[in-house]
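This briefing sets out the main structural features of the protein shown below. The points are grouped by topic for ease of reference.

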Amino acid sequence: MSNSLGPKLDGGAKLFLVRVRDALLSLPFDCVTRVLPLMELQPVPDAPAYVRGMFNYRGDPVLAVDMVERLGRQNDVPYTLDTPVVLCRYKQRSVGLLVDEVLGLMASEEDTNLEDTFKNAIPPFTGVIRTQEKLALQVDFERLLDFDLTLDATDLDVDPSELLAQASS
């Protein structure tokens with residue numbers, strides 16, 4: 001895999017880890033700008049259900065993406081002011097990822113290439129990263145931010161937990 005995860009940290013690539021329900025996700029370190037508290041969201045008409053709205057951050061419009069719904073699950077947990085929003089920048093586009101928990105910066109032990117597993121799947125992952133804790137799904141921002149999908153996120157039939165179980169066996 002290419003080293004798009006940023007500089008090395010103690011022998012491994014820098015990872016920014018978040019938890020979304022029972023899935024551990026790895027975000028490209030060089031895309032993460034900061035973590036913000038949840039702000040008031042303005043609706044975005046005709047956007048996919050996982051685009052929960054947009055907010056203004058220092059004069060820039062930022063789309064707020066509910067990562068639970070983006071992964072094809074129903075989000076029954078209400079948002080609070082404590083809901084973390086990971087502000088990311090990718091290809092001149094700002095996005096705020098609504099996640100359950102921010103675990104912070106960690107170093108990977110190695111990349112595990114599972115491109116065959118993800119090749120025909122819809123979820124926005126490029127592979128699996130081994131961390132000190134466990135395996136984390138590596139988020140593919142290209143697919144994550146593709147809001148022109150012809151399939152709705154509710155059409156996903158791949159559970160992130162199943163992908164991680166596959167990778168560890």
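**Strand pairing and overall architecture**

Strands β5 and β6 make up a hairpin in which two residues separate them, and R58 in the turn has a positive phi of about 55 degrees. The model in which this hairpin is found is predicted. The protein contains four helices and twelve strands.

**Overall composition**

- The protein has 169 residues, of which 47% count as buried.
- About 8,800 Å² of the protein is exposed, and 48% of that area is supplied by carbon and sulfur atoms.
- Among contacts in the protein with a separation of 6 or more, 61% come from residues 24 or more positions apart.

**The five-stranded sheet**

- An open sheet is formed by five strands in the order β4-β7-β8-β6-β5, with mixed pairing.
- The edges of this sheet are β4 (32–37) and β5 (51–57), each of which pairs on one side only.
- From one strand to the next, the twist averages 30 degrees.
- Strands of a sheet pair through backbone hydrogen bonds, in either a parallel or an antiparallel manner.
- At one edge, β4 and strand β7 (residues 84–90) run antiparallel and are joined by five bridges. Within this pairing, L36 has V85 of β7 as its bridge partner.
- At the other edge, β5 and β6 run antiparallel and are joined by six bridges. V51 is placed opposite V65 in β6.
- Strand β6 also pairs with strand β8 (residues 93–98); these two run parallel, with four bridges between them. Here D66 is placed opposite L98 in β8.
- Strand β6 (residues 60–66) is largely enclosed by the rest of the structure, because five of its seven residues are buried.

**Nonpolar cores**

- In soluble globular proteins, nonpolar side chains tend to be buried together.
- The largest nonpolar core has 28 residues, and those touching the most other members are L25, L27, M67, V86, C88, L97 and F141.
- Apart from its neighbours within four places in sequence, V86 contacts F16, V18, L27, V32, R34, V35, V95, G96, L97, V99 and V102.
- A second core, separate from the largest one, consists of nine residues, including L38, F55, V62 and V85.

**Salt bridges**

- Side chains of opposite charge can pair when their charged atoms come close.
- Six salt bridges are present in the structure.
- One of them joins the side chains of E101 and R19, at 3.6 Å from N to O. Because E101 belongs to strand β9 (residues 101–107) and R19 to strand β2 (residues 12–20), this pair ties together parts that are 82 residues apart in sequence.
- The partners in this pair are E101, which is partly exposed at a relative accessible area of 37%, and R19, which is buried at 19%.
- Another salt bridge forms between the side chains of D22 and R73, at 2.9 Å from N to O. This pair links distant parts of the chain, 51 residues apart: D22 is in the loop between β2 and β3 (23–28), and R73 is in the loop between α1 (67–70) and β7.
- D22 counts as partly exposed, with 45% relative accessibility, and R73 is likewise partly exposed, with a relative accessible area of 24%.
- A further salt bridge connects R52 and E69, whose closest N and O atoms are 3.5 Å apart. Since R52 is located in strand β5 and E69 in helix α1, the pair ties together parts that are 17 residues apart in sequence.
- R52 counts as partly exposed at 33% relative accessibility, whereas E69 counts as buried at 12%.
- R52, D66 and E69 are joined into one network by salt bridges that share partners.

**Residues that recur across topics**

- D66 takes part in the salt-bridge network with R52 and E69, and D66 also stands opposite L98 in β8.
- V85 is the bridge partner of L36 and is included in the second core.
- L27 and L97 are among the residues that touch the most other members of the largest core, and both are in contact with V86.

Key:
Residues numbered from 1 in each chain as written. Predicted model: local features only at pLDDT ≥ 70, side-chain atom pairs only at ≥ 80, totals over all residues. Heavy atoms only, no water. Buried < 20%, exposed > 50% of the residue type's maximum accessible area, 1.4 Å probe, protein only. Contact = heavy atoms within 4.5 Å. Areas by Shrake-Rupley, 256 points an atom, 1.4 Å probe, with all protein chains shown as cover. Core = buried A, V, L, I, M, F, W, Y, C linked by side-chain atoms within 4.5 Å. Pairing = 2+ DSSP bridges. Axes fitted to C-alpha atoms, helices over the stretch in contact; angles between N-to-C directions. Salt bridge = Lys/Arg side-chain N within 4 Å of Asp/Glu carboxyl O.
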